[in-house]
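Subject: Handing over the structure

Hi there,

Here is the structure I promised to pass on to you. Please have a look at it first, and then read on for what turned up.

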Amino acid sequence: MGMAENGTASVLRMEERDMNGEQEIAYITCVNNEEMYAACREALAAQALPEGMRASFVPIRGAASMCAGYQEAQEASHARYKLYIHQDCILQRRDVVARMLAVCAAHPDAGLVGLAGCRALPETGIWWLGKDLYYYVAEEKTAGCSYHQVGTTHGQDAAAMAAVDGLILLTAVDVPWRSDIFRGWHFYDISMCLEMRWRGYGIYVPCQEGMAPWVLHRCGDKPITEEYHRWRGLFLRCYGETAPERRLFSVTEAAGVRLRLSVCYIARDCRDELALSLARLQGEPEEIVVVDTGSADDTAAVAHSFGARVFHEVWRDDFAAARNAALVKATGDWVLMLDADEHLALVHGSLHHIIARAAASGAEGLTAALVNVDLDRGGRAQTPEPVLRLWRNRPGRRYVRSIHEEIADGVRPLAPLARAEGLVIRHTGYSAARVRAKLARNLTLLQRQIEQHGETNEDWRYLADCYYGLEEYALALHYAKLAIERGASVISGRQRMYEVAIASLAKLARPTAERLTMAQRAAADCPEETGFAREVQSALLLLAAERWYAAQESVSAAAFHAAVKTYIAQADQPEERRSFLAAWAQQTGRVRLSLALAACPASRSVTALARTAVAAGAWPAEAICQRATKSLRTLFLALYVLSDTHAGRAQLLAEAWPERLPEALMRLIYALCLLDHEDAIAGSCQLTAADYAAWSEGLAMLEAVEADDLARYARLAAGFAPDWDCIVRAAGDLLARAAWAAALSLLSLVPAQAAETLPRGVFWYRTGIALYELGEGGAAECFARAAAAGCEERAFVAYQEQGHLERASRVHSLLRTPHAWWRLGRMAERNHQEERAYACYLSGLRLQPRHRELLCCLLRLLRRSGMDDVGQIQLLRQLYRPEDTLWLAATLAETCAGAVYLYFARAAGLPLDTIEAQLAAGRADAAAEQAAVGVDTACRFGLLAEQAGTSGLAPLLDNLPQRWQQIRADFQSGRQTPETCALTRLACEMKEIIDRRMS
């Protein structure tokens, strides 16, 4: 059987891949010891798989926890079967995997197969202390090897278990690993076993009796630690607190624990949303009922494909009637009601477990947490609010009210209620692009209902929500106050109405004291919601800033600048106060304060702070973005870096930082935030070929990003399809940045027929370059096709000659060239062989010291390894002669080498007081302070424009110094340069400020 290594796919596809993975198994391992993993992998590669089955390796390095690593691998692999194996395990037989697969085939309910486990898990949660153990494993410890042989399958091919150990686990279905709970290295396996069993799947071990050991576990001497018992306590709290949960600890006592669940939908023209929602159910409900109210697309077909029972009803502007039509058809013991644009979180517990645990107290209904997610704003999530969506299915239990409908027992609200811990429903239906139309529809239905039945105190909160979404802030504030003071009691409490009231006060520009009063009342009324306490602090800070600013307004410019520095320095957290003042100055048009803040340098550069935040997992997004707003390029870079992790995205989206960018660049950031987003559906915030110009401009702004880190940005360009010419142009931009793998990933999207139709063989030429630079096969064939198509690229001949060299002779001859050493070093780095990469880079630089790529790679490797500036300087002095110093300083200037650059710049006699020198040395603050003189001059001219009552830049341009005349000519002709972009941005800002002042 051939083994396929996960990695860059060649565009020369010789066969179609089985995308559903039915005949594929993925070998998944969390790796932190390469030597152990190599032995484990060698044994896996020797496995004799069933006919037609293929395998792939998915090593996960740098995982935060076992669950996080396994979940990452699960999402990355299309294989139906997944073998999760410890790196310290070596399979001793060639048929281990085949025998485990045979258990899945013989037992249709099998969800998970292990090698060691128990039929009854003890109340302590420690499986090896349970009853009816089955354990045939060889262990290697310091004292030597031992073989444990316990248990019997009673002559059967396999035995059902309550739980199995995680040293080797084969899954036949994908159930999420509970990375939301278990963030360590223990109880990931037992929790998965129970998640499987709550979903109705069986856990098995194959018969291993009378055979040689199947696996050698090189576990060493590992004592039970306090950390283990801490995770054990968490496991018992999550899975063993109630009687139904404890019954599932045993194979023999689990009968009758799971009740039948019906999930009901009403749907219309929502094929993609419904598909995501049904997929997140993971096949767990015993019944799915979908009521289609008039779809024109294939919504019904999608529902049928998931096994749903589909019924058709005419839409009568009555949500309660439509939901009741679904309820009538439900036959389960419990009902979960969802909308088609709602789905469960990606990682979540079993619905049956959630119901059994919450209903153990006798509750009739269960509340879930509803989170509204705006896919048009990068997946921005609002504060969760409780909603009643789960209840026991009893006769006569129906919905009332045609809009904002509620489930009731006749005229009585459903009671008693409990909270379904862990059940989160994510709602994408109110994303920005569609929310206004839905709110207008809801308001029409609500007003019709009020006309028929009169306005009640239950209507006020819904009116407040509708009017706020429709930007009628005065009416929203009116109804929010009514709902707070005299509204009906609701499950979600008054938290949402306080949020609407406070936001409406801000939109209406009401006095800060009024906003403070409302925030203090909200904090007292909803103490569990910490956001109101932060709102109080923000209002207090704003009041203090307003009073301070009023007191300083009449002082001289010099005194005002000094007062700003003093005011910031006296704060408990100076950077937070500085960020707050910058935001306030921008929002209120206080140009004088903006100038003073620009002249008061921050403690660290934007890029350095953003990268430190990524590395440390800390997210001072507000401080980073506030400093970055001084430069469009820097803001885009900061947002790109912050958007790379969940925590960074959450904070930058919460404050709507991307909306400070021009709309085209804003779309890029929002699209980046949606890459691999758990709520993303087909077409949500997807780029098109019309976005290519902005994408290319954004790539130029990411010049500080390493080529290997551009893969995420390159994925945005996939949306340019089916404009394949645009895809190839984007790949060319990536090749210019030496992002070979990212470029190849784009080129691999181009169909063979389209590749042949592109002019002058440009597709084959660029594909050949990517393959050649990556050291992959197929480059020569690509160059031959490019030649046949009449390729006219300047570098084509050189690449073609190199591409035709035989691999053996090429390795022999090209190892004498610095470029070959650079390529070998890059491949060594990708394989985490840092010492080999270091040796390759040194060998190349000794052949050709003035090789920019080799030097940059060496410096990056040295910094990552922790070598200090003195060590780097000493190494470079050994490599370079005095006549190379000027070239070395110029190259270091492009890499922000800090003190290393300053040393060689001084040796080369370069001036150290320029803005460029300060930036190259990593002193962004000093550079900004020098540049503030120019900014101050430009703003003063802008003030002249304000006094003249014009919103244009004519007074500014007419009074520019002679050295800016070329910039003026470029600006007037529409030529795009960094300076003209800055002028355009300044014009927009000045217009906003003047319009705000004049109004």
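One term first: a patch here is made of residues with over 30% relative accessible area and no salt bridge, and nonpolar side chains are joined into one when they lie within 5 Å. Please also keep in mind that this is a predicted model.

With that in hand, you can find a nonpolar surface patch of about 320 Å², made by W128, L129 and I224. To locate I224, go to the loop between β14 (215-217) and α5 (226-239). The relative accessible area of I224 is 48%, so this residue counts as partly exposed. That value is also over the 30% that a patch residue needs.

Now for the overall picture. The protein chain has 999 residues, and 50% of them are buried. Its secondary structure comes to 44 helices and 26 strands. If you take the contacts with a separation of 6 or more, 69% of them are between residues 24 or more positions apart. The chain exposes about 45600 Å², and 52% of this area is supplied by carbon and sulfur atoms.

Next, the spaces. Which residues lie nearest the centre of the second largest pocket? They are H86, W185, H186, H217 and K222, out of 40 residues that line this pocket. The elements that give two or more residues to this lining are β2 (24-31), α2 (66-76), β8 (131-141) and α4 (188-198). Strand β8 gives the most, with four residues. The second largest pocket holds about 1300 Å³ of space.

There are closed spaces as well: a search of the whole structure finds two cavities of 30 Å³ or more. The largest cavity has about 60 Å³ of space. Its lining consists of V257, R258, L259, R260, L261, W334, H352, I355 and A356. Helix α10 (residues 351-359) supplies the largest share of that lining, namely three residues.

Finally, some backbone details that you may like to look up one by one.

- Cis peptide bond at P416: A415 and P416 are joined by a cis peptide bond, with omega about -5°. You will see P416 in the loop between β25 (412-413) and β26 (417-427).
- Cis peptide bond at P722: A721 and P722 are also joined in cis, here with omega about 10°. The loop between α26 (711-716) and α27 (724-736) is where P722 lies.
- Positive phi at D269: this residue is not a glycine, yet its phi is near 50°. D269 sits in the loop between β15 (261-267) and α7 (271-280). With a relative accessible area of 39%, D269 is partly exposed.
- Positive phi at A738: the angle is about 60°, again in a residue that is not a glycine. Look for A738 in the loop between α27 and α28 (740-747). Is A738 buried or partly exposed? Its relative accessible area is 24%, and buried would mean under 20%, so A738 is partly exposed.

If you would like a place to begin, try the patch made by W128, L129 and I224, and then move on to the pocket with H86, W185, H186, H217 and K222 nearest its centre.

Enjoy exploring, and best wishes!

Methods
Residues are numbered from 1 along each chain as its sequence is written. This is a predicted model: local features need pLDDT of at least 70, side-chain atom pairs count only at pLDDT 80 or more; totals for chains, interfaces and linings use all residues. Side-chain values use heavy atoms; hydrogens and water are left out. Patches are made of residues with over 30% relative accessible area and no salt bridge: like charges are joined within 9 Å, nonpolar side chains (Val, Leu, Ile, Met, Phe, Trp, Tyr) within 5 Å. Accessible areas come from the Shrake-Rupley method with a 1.4 Å probe; for residues, only the protein chains shown count as cover. A salt bridge is a side-chain nitrogen of Lys or Arg within 4 Å of a carboxyl oxygen of Asp or Glu. Buried means under 20% relative accessible area, exposed over 50%, partly exposed in between (1.4 Å probe, protein chains only). Contact means heavy atoms within 4.5 Å. On a 1 Å grid over the protein atoms alone, a cavity is a set of points where a 1.4 Å probe fits but cannot get out, and a pocket is an open set with protein on both sides within 12 Å along at least five of seven lines; lining residues have an atom within 4 Å of a point. Grid points are joined across faces, edges and corners, and a volume is the space filled by probe spheres set on the points.
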